[in-house]
Every structure is written in C-alpha cells, then in structure tokens.
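Me: Got a minute to walk through this one with me? I'd like to go over the fold and then the charged pairs.

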Amino acid sequence: MSPFRSHMHHALNEARAAALRGEVPVGAVVVRGDGQVIAAAGNRTRELNDPTAHAEMLAIRAACKDLQTERLTGYDLYVTLEPCAMCAMAISHARIARLYFGAGDPKSGGVSHGARVFSHQQCHHAPEIYDGLCASEAEFLLKSFFSKLRAP
C-alpha cells in the first residue's frame, strides 16, 4: 500500500471556485486507491437551481458516470465540509471506502453531527471517516463567504 497523500488541497480549490461562482464554498474530490483523482466538483445548487447539486453529489455522479458503475468501492472522497445527511446517504449507497472531510458542520452535518447517518442500523455501508483535514482553511473559506454576504 502506498503512503497516505491528502487530496484536500484539490477539494479546497473546488471550494474556492464555487465561491467565485457565488456558491457556498464546498468542494469534493473522488480519488482512486492509487491516488488518481477521478472526479472533482464544487457546489452548484444556485447555478443549476438544484438543491441536490452539492459538491459531494456532483463528484460522485461524475465518478460513477466516468467509471460506468453505480458503486465506488475502494475509492476515497475528500470534502471540505462535513457532508449533510443527503450526501452521507449517497456516500453510503456509492460504497465509498474512506471519507475525509475538513470542517465539521454542527448546523447541517450528517456524519459527526445531526443525523449521524453512518451510525444507523438502516445504513448498509459506512466508510472509514477521517475529519479535521485542513479544517481551519475550510472554515475560513465558509466564514469569509458568509461575512461578505452579510456586509452592507
């Protein structure tokens, strides 16, 4: 097995691009076990008028389409913000092996906060979870984005 190499920098770049589009700055990257990035996305809920167009959902959809499969067994997902319950269920259904996320989300998170989707008996698959990767940078992006929205 090759040594661990974080891909959170790529997810953060997707989050920055989302912010420039006026989207909440969240980015996600699907990575194969050998470290190859398969898909990357940032939030596009406003652009697509689609409440399900979260970064995680878009990255998972793109990876599945590219690989011609509905399962991403053995793949990793890097996300700048703790996934919500909807995204956590998509991660479970896709059979993502490992979830890495940056900032926790006490308000809307579905992994370590709120619904805690992976701890439910009805959850068929739970990935290994690693949180706090580049958390301060991810939090800074989010706080900066929302403070600019509130500025007069």
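Reply: Sure, one term up front: buried means under 20% relative accessible area, exposed over 50%, and partly exposed in between, with a 1.4 Å probe and protein chains only. This is a predicted model, so local features need pLDDT of at least 70 and side-chain atom pairs count only at pLDDT 80 or more, while totals for chains, interfaces and linings use all residues. Residues are numbered from 1 along each chain as its sequence is written, and side-chain values use heavy atoms, with hydrogens and water left out.

Me: OK, what does the secondary structure of the chain come to?

Reply: Five helices and five strands. From the N terminus the order is α-β-β-α-α-β-α-β-β-α. Those are DSSP runs numbered from the N terminus, helices being H or I with at least four residues and strands E with at least two.

Me: How does the radius of gyration sit with a compact globule?

Reply: It agrees: the chain has 14 Å, and a compact globule with 152 residues would be near 15 Å. The radius is taken over C-alpha atoms, and the globule rule is 2.2 Å times the number of residues to the power 0.38. The C-alpha trace spans about 50 × 30 × 30 Å along its principal axes.

Me: And how much of the chain counts as buried?

Reply: 45% of the 152 residues. Among contacts between residues at least 6 apart in sequence, 56% join residues at least 24 apart; contact here is heavy atoms within 4.5 Å.

Me: Switching to α1. Which of its residues are buried?

Reply: M8, A11, L12, E14, A15 and A18. They sit on the same side of α1, because they cover an arc of only 155° around the axis. That arc is the one of the directions from the helix axis to the C-beta atoms.

Me: What do they pack against?

Reply: The buried residues of α1 pack against β1 (27-31), β2 (37-42), β3 (76-81), β4 (98-103) and α5 (135-150).

Me: What span does the helix reach, first C-alpha to last?

Reply: 19 Å for the 13 residues of α1 (8-20), close to the 18 Å expected at 1.5 Å a residue. The expected span is 1.5 Å times one less than the number of residues. Just after α1, G22 takes a positive phi of about 85°.

Me: Now the charges. How many salt bridges does the structure hold?

Reply: Five, counting a side-chain nitrogen of Lys or Arg within 4 Å of a carboxyl oxygen of Asp or Glu. One of them joins R16 and E137, at 2.2 Å from N to O. R16 lies in helix α1 and E137 in helix α5, so the pair ties together parts 121 residues apart in sequence.

Me: Is R16 buried or partly exposed?

Reply: Partly exposed, because its relative accessibility is 30%. E137 counts as partly exposed too, at 34%.

Me: What about D76, which partner does it have?

Reply: D76 forms a salt bridge with R98, the closest N and O atoms being 2.8 Å apart. D76 lies in strand β3 and R98 in strand β4, so the pair ties together parts 22 residues apart in sequence. D76 is buried, with a relative accessible area of 7%, and R98 counts as buried at 17%.

Me: Which residues do shared partners join into one network?

Reply: R21, R44 and E47. Within that network, R44 and E47 have their closest N and O atoms 2.4 Å apart. R44 is partly exposed at 28%, and E47 is partly exposed at 44%.
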